[in-house]
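These are my notebook entries on one protein. I set down what I looked up, entry by entry.

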Amino acid sequence: PGLVAVIAALTLTYSRGAWINFVVQLLFLIPVLLAIKPDGFVQRVLLVMRAPFAIDIPRRLFLSVAGVIFIVSIALVARAEQFPIIRLHERIAVPEIERRTSIEERFDFFSGALELAVEKPLLGHGPMSFGYRYREKQTELLAVSDHPHNWFLKVAAENGLPALLVLVAFFAYVGYAVVRRAPHTTYEEKITAVFLGPALGGGLIHNLIDFNFNFVTNVFLFWTLLGLLVNLRSTAAPRRRHGVLALPLIAGVALFLVVAYEGGLLYAFRTQGETGRGFYEQTLVPRRYFVTRSRELMNEARIQEADQALDTHLALNAYDAEAWNMKAEIALATGDNLRAKKFADEAIAHDPKNFFSYYRNALRASSLLNIPTAHYRTQLVPLLADYRYLFDQNAHFTVFTGNPTDAAWLHRFFGESEQADYYHYATSERRLQLIKERHMTWEPPFDFLK
């Protein structure tokens with residue numbers, strides 16, 4: 001039953017990476033089982049593994065396959081009631097658009113992360129900076145991510161090569177320590193270690209092709225299991241004390257103080273209105289708070305305050321193209337077209353292949369200043385040509401973004417009315433079609449539906 005559940009669950013993930021991970025885990029587990037011999041360990045483990053198939057193997061194999069098919073079929077039928085279902089053979093075959101957005105983009109992310117790591121090898125570009133710095137190196141339209149889909153490359157790019165070496169050395173030492181202690185552990189501890197090891201290794205393997213440690217649940221589970229693994233030690237084996245027991249305590253207290261400080265600011269922000277907002281602006285990690293706040297102030301027509309909030313954000317992160325574009329919008333609204341063009345050009349320089357609104361604001365400002373726009377057209381011709389295919393395929397859910405409207409505006413600006421009309425009429429139809437296909441039960445937040 002356990003094997004049936006595992007295989008059915010893997011099938012329902014529709015994840016090729018999960019299957020690769022599972023096979024690697026099995027390849028790792030088998031030689032480890034064969035290498036551990038004390039106390040008849042291998043014989044007992046193999047006996048446990050053979051037990052479900054000890055009687056009438058053909059019948060049990062048939063029941064196992066039938067069980068997998070039954071579970072997967074029932075789950076797919078239930079899922080199809082609310083979501084569109086991709087056929088398994090189509091998922092395995094890797095359609096053209098998925099090959100582009102899933103496989104080729106990953107290699108571009110890897111390459112971009114390596115370039116960033118080489119640029120600043122000692123300290124990196126800063127925590128969570130990949131999503132901003134990679135956009136300047138991006139090779140394909142809309143092919144962007146907040147992380148390079150590889151934990152180790154993310155650390156190298158954002159924290160530097162020394163940090164990467166420390167991380168690799170840490171896991172190498174953990175592996176060495178676990179193997180060294182093996183002779184001193186009990187049978188039960190060996191069982192635990194043999195299955196905890198591949199489970200944790202699977203997490204590391206998956207983070208070579210994706211990064212899912214940005215989810216608290218995954219982080220908590222991984223480090224908790226790792227803590228259990230490194231603390232497996234027979235009570236007969238004395239624990240050596242190295243005089244560094246105070247370090248975890250100091251680190252824990254420091255972490256508690258930071259969490260308490262940030263938690264207090266967040267609580268004040270959510271409960272104390274404007275007073276709490278003022279407190280929250282002292283946070284150590286504002287992320288995109290000032291950008292969001294600026295948008296709120298713009299909606300309230302508090303233009304000067306909105307501009308100041310953007311200046312605060314850009315002083316912390318000068319590579320945020322959206323913030324530069326928002327400053328361009330403010331400058332256009334106040335009639336300062338020269339500054340609007342400057343800010344829009346800055347946004348394009350940091351992110352040339354994801355948002356057409358940056359080009360739209362640059363062209364608006366240039367037209368008002370009577371400045372030639374030929375160089376923008378040169379940049380946009382290949383992007384707009386590629387975007388038509390991505391729009392038709394709804395790559396990266398682009399149909400539900402502002403890009404179609406901005407693409408229509410750009411085509412019309414360049415006198416290409418037919419292309420502009422296509423986006424104008426096709427966008428609403430495509431959105432409605434996708435909503436119907438996906439059986440969306442939530443109300444889409446689109447103006448055309450209201």
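**Entry 1: Overall make-up**

I counted the secondary structure first and found 21 helices and zero strands in the protein. I note that the model is a predicted one. I then looked up burial: of the 450 residues, 38% are buried. For the surface, I recorded an accessible area of about 26,300 Å², and carbon and sulfur atoms account for 65% of that area. I also looked at contacts with a separation of 6 or more, and 64% of them join residues 24 or more positions apart.

**Entry 2: The nonpolar cores**

I asked which residues of the largest nonpolar core touch the most other members. The core has 44 residues, and the ones I was looking for are Leu141, Phe356, Tyr359, Leu380, Tyr387 and Leu410. Several helices give two or more residues to this core, among them H14, H15, H17 (337-350), H19 (374-393) and H21 (417-437). H16 provides the largest share of this core, with eight residues. I followed Leu380 further: leaving aside residues up to four places away in sequence, Leu380 touches Phe356, Tyr359, Leu363, Leu410 and Phe414. I also found a second, separate core of 18 residues, which includes Ala156, Phe171, Phe213 and Leu229.

**Entry 3: Two single residues**

I looked up Ala177, which is found in helix H9. Is Ala177 buried or exposed? Its relative accessibility is 5%, so Ala177 counts as buried, the cut-off for buried being under 20%. Ala177 and Val230 are 53 residues apart in sequence, and their C-alpha atoms are 7.5 Å apart in space.

I then turned to Arg293, in helix H14 (residues 289-299). Arg293 is buried because its relative accessible area is 7%, and buried means under 20%. Not counting residues up to four places away in sequence, Arg293 touches Glu274, Arg277 and Arg302.

**Entry 4: The second largest pocket**

I recorded about 1,400 Å³ of space in the second largest pocket. Its lining has 42 residues, and Pro127, Met128, Ser129, Glu158 and Arg287 lie nearest the centre of the pocket. I asked which helix gives the most to this lining. The answer is H8, with five residues. Other helices that each supply at least two residues of the lining include H7 (130-133), H9 (161-181), H11 (216-230) and H15 (303-316). Sorted by class, the lining holds 23 nonpolar, nine polar and ten charged residues.

Conventions: Residues numbered from 1 in each chain as written. Predicted model: local features only at pLDDT ≥ 70, side-chain atom pairs only at ≥ 80, totals over all residues. Heavy atoms only, no water. 1 Å grid on protein atoms, 1.4 Å probe; cavity = no way out; pocket = protein on both sides within 12 Å on 5 of 7 lines; lining within 4 Å. Points joined across faces, edges and corners; volume = space filled by probe spheres on them. Helix = DSSP H or I, 4+ residues; strand = E, 2+ residues; numbered from the N terminus. Nonpolar A, V, L, I, M, F, W, Y, C, P; charged D, E, K, R; others polar. Buried < 20%, exposed > 50% of the residue type's maximum accessible area, 1.4 Å probe, protein only. Contact = heavy atoms within 4.5 Å. Areas by Shrake-Rupley, 256 points an atom, 1.4 Å probe, with all protein chains shown as cover. Core = buried A, V, L, I, M, F, W, Y, C linked by side-chain atoms within 4.5 Å.
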